[in-house]
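Q: I would like to learn how to read a model like this one, feature by feature. Please show me the structure and take me through it.

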Amino acid sequence: MMQMDWAKGLLRPDVEVRESVKTLGQLSGIFANTKALREMDPTTVVYRVQAWCPIPEGTEGGLFWGTTVVEPGLVDSEYFMTHGHFHLKRDRTEYYGTIEGEGALVLMDETRATWMEPMAAGTVHFIRPRVAHRVANIGKSPLRFVACWPSDAGHDYESIRTYGFGARLLNVRGSAMLVKSDA
Ligand code: M6P
Ligand code: ZN
C-alpha cells in the first residue's frame with residue numbers, strides 16, 4: 001500500500017518511491033531558444049517526478065503510479081514543460097489526472113501531427129497508443145498531476161531529443177498558443 005497526499009499531489013516519500021528532479025541544465029536540448037536558456041540558472045528546477053513501481057520495470061500486465069509537479073516559468077516565450085516521450089512499446093497507453101494548476105497536455109502521433117488538451121484541477125486524460133506526450137505549465141503556480149502507465153511501456157526519450165514535437169507551446173501576447181515547429 002502507498003499513501004498519497006491528494007491535496008499536494010504527492011506520494012509520501014518512502015523507500016519504494018523513486019524520485020527525480022529535472023533542472024533547466026538537464027533539459028537544455030528541449031527548449032527552442034538555447035541562447036535564452038544559457039542566460040538562466042541551470043540549477044533551476046523545472047519539474048519533479050515520483051514513481052511507485054511495485055513490480056520490476058518491464059513486467060507485462062503491471063501498472064506504475066506517479067506524480068509530477070511542473071514549476072511555472074518560461075524559457076524566452078516557451079513554457080516550462082516535461083521532456084516528453086513515446087512509449088518504447090508504442091501501443092502502451094497512459095492516464096494523466098490533474099490535481100491543480102493550469103497546464104496543457106501536448107500530444108503527437110507518429111505522423112508528427114500535434115495537438116493539446118487543456119489541464120486544470122479534475123481533468124483526466126487518456127493517452128492513446130502511439131502518441132507522444134508532454135506537459136507544459138501555462139499558469140503562475142505549480143502544476144500537479146498524477147499518472148498511471150503500464151510497467152512494460154518504457155520511455156523513448158531519444159525520438160523526442162532528436163526530432164522534438166511537431167509544435168511548441170508558446171506564450172504569445174499573454175496567451176498559450178501551440179505554434180508549429182520548423183524542425
Ligand atoms: C508522468 C509519467 C512518467 C514520466 C513523467 C515525466 O509522471 O508519464 O512516466 O516520467 O510524467 O515525464 P517525462 O518522463 O517525459 O519527463
Ligand atoms: Zn508515458
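A: Happily! Let us begin with a convention: strands are DSSP runs of E with at least two residues, helices are runs of H or I with at least four, and both are numbered from the N terminus. Keep in mind that this is a predicted model. With that numbering, Phe-145 lies in strand 13.

Q: Is Phe-145 buried or exposed?

A: The general idea first: a residue is called buried when its relative accessible area is under 20%. Phe-145 has a relative accessible area of 2%, so Phe-145 is buried.

Q: Which residues does Phe-145 touch, not counting those up to four places away in sequence?

A: A contact is a pair of heavy atoms within 4.5 Å. By that rule Phe-145 touches Gly-66, Thr-67, Thr-68 and Val-70, along with Tyr-96, Gly-97, Thr-98, Ile-99, Met-119 and Val-135. Gly-25 gives you a separation to set beside these contacts: 120 residues away along the chain, its C-alpha atom is 23 Å from that of Phe-145.

Q: What should I notice about Arg-144 and Val-146 in strand 13?

A: Arg-144 counts as buried because its relative accessible area is 16%. A polar atom of the Arg-144 side chain lies 2.9 Å from the backbone oxygen of Lys-8. Beyond its neighbours within four places in sequence, Arg-144 has contacts that include Leu-10, Val-69 and Glu-100. Val-146 is buried too, at 8% relative accessibility, and among the residues in contact with Val-146 are Met-4, Trp-6, Trp-65 and Tyr-95. Val-146 and Gly-66 are 80 residues apart in sequence, while their C-alpha atoms are 5.6 Å apart in space.

Q: Which residues of the largest nonpolar core touch the most other members?

A: To read a core, join up buried nonpolar residues whose side-chain atoms come within 4.5 Å. The largest one here has 37 residues, and those touching the most other members are Leu-24, Phe-31, Val-70, Val-75, Tyr-96, Leu-105 and Val-135. At least two residues each come from helix 1 (34-38), strand 4 (45-52), strand 5 (63-70), strand 9 (102-108), strand 12 (132-137) and strand 13 (143-150). Strand 9 supplies the largest share, with five residues. There is also a core of seven residues apart from this one, whose members include Met-4, Leu-11, Ile-99 and Val-146.

Q: Which residues are in contact with Leu-24, leaving aside its neighbours within four places in sequence?

A: The list includes Phe-31, Leu-37, Met-40, Val-46, Val-75 and Phe-80, and also Asp-41, Pro-42 and Thr-44. Thr-23 is found in strand 3 (residues 17-23), and is buried at a relative accessible area of 16%. Outside its neighbours within four places, Thr-23 is in contact with Pro-42, Thr-43, Thr-44, Val-45 and Val-46.

Q: Which residues come nearest to ligand 1?

A: Begin with the surroundings, then look for polar contacts. There are 13 residues around ligand 1, and Tyr-47, Glu-94, Tyr-96, His-155 and Tyr-157 come nearest. For polar contacts, look for N or O pairs within 3.5 Å. An oxygen atom of ligand 1 is 2.6 Å from a side-chain N or O atom of Glu-94. Such a separation is 2.8 Å for Thr-68, and 2.8 Å for Tyr-96. On its own, ligand 1 has 370 Å² of accessible area, of which the protein covers 95%.

Q: Why is there no bond between the sulfurs of Cys-148 and Cys-53?

A: A disulfide is a covalent bond between the sulfur atoms of two cysteines. The rule used here asks for sulfur atoms within 2.5 Å. The Cys-148 sulfur has its closest cysteine sulfur, that of Cys-53, 11 Å away, so the pair is too far apart for a bond. The count of disulfides comes to zero. Cys-53 itself is buried, at 15% relative accessibility.

Q: Where are Arg-130 and Arg-173 found?

A: Both are worth a look for their backbone angles. Arg-130 is in the loop between strand 11 (124-127) and strand 12, and has a positive phi, near 60°. Arg-173 is in the loop between strand 14 (167-172) and strand 15 (175-180), with a positive phi near 45°. Arg-130 is partly exposed at 40% relative accessibility, whereas Arg-173 is exposed at 80%.

Note on methods
Residues numbered from 1 in each chain as written. Chains lettered and ligands numbered in written order. Predicted model: local features only at pLDDT ≥ 70, side-chain atom pairs only at ≥ 80, totals over all residues. Heavy atoms only, no water. Buried < 20%, exposed > 50% of the residue type's maximum accessible area, 1.4 Å probe, protein only. Near = heavy atom within 4 Å. Polar contact = N/O pair within 3.5 Å; in protein donor to acceptor, adjacent residues only side chain to side chain. Areas by Shrake-Rupley, 256 points an atom, 1.4 Å probe, with all protein chains shown as cover.
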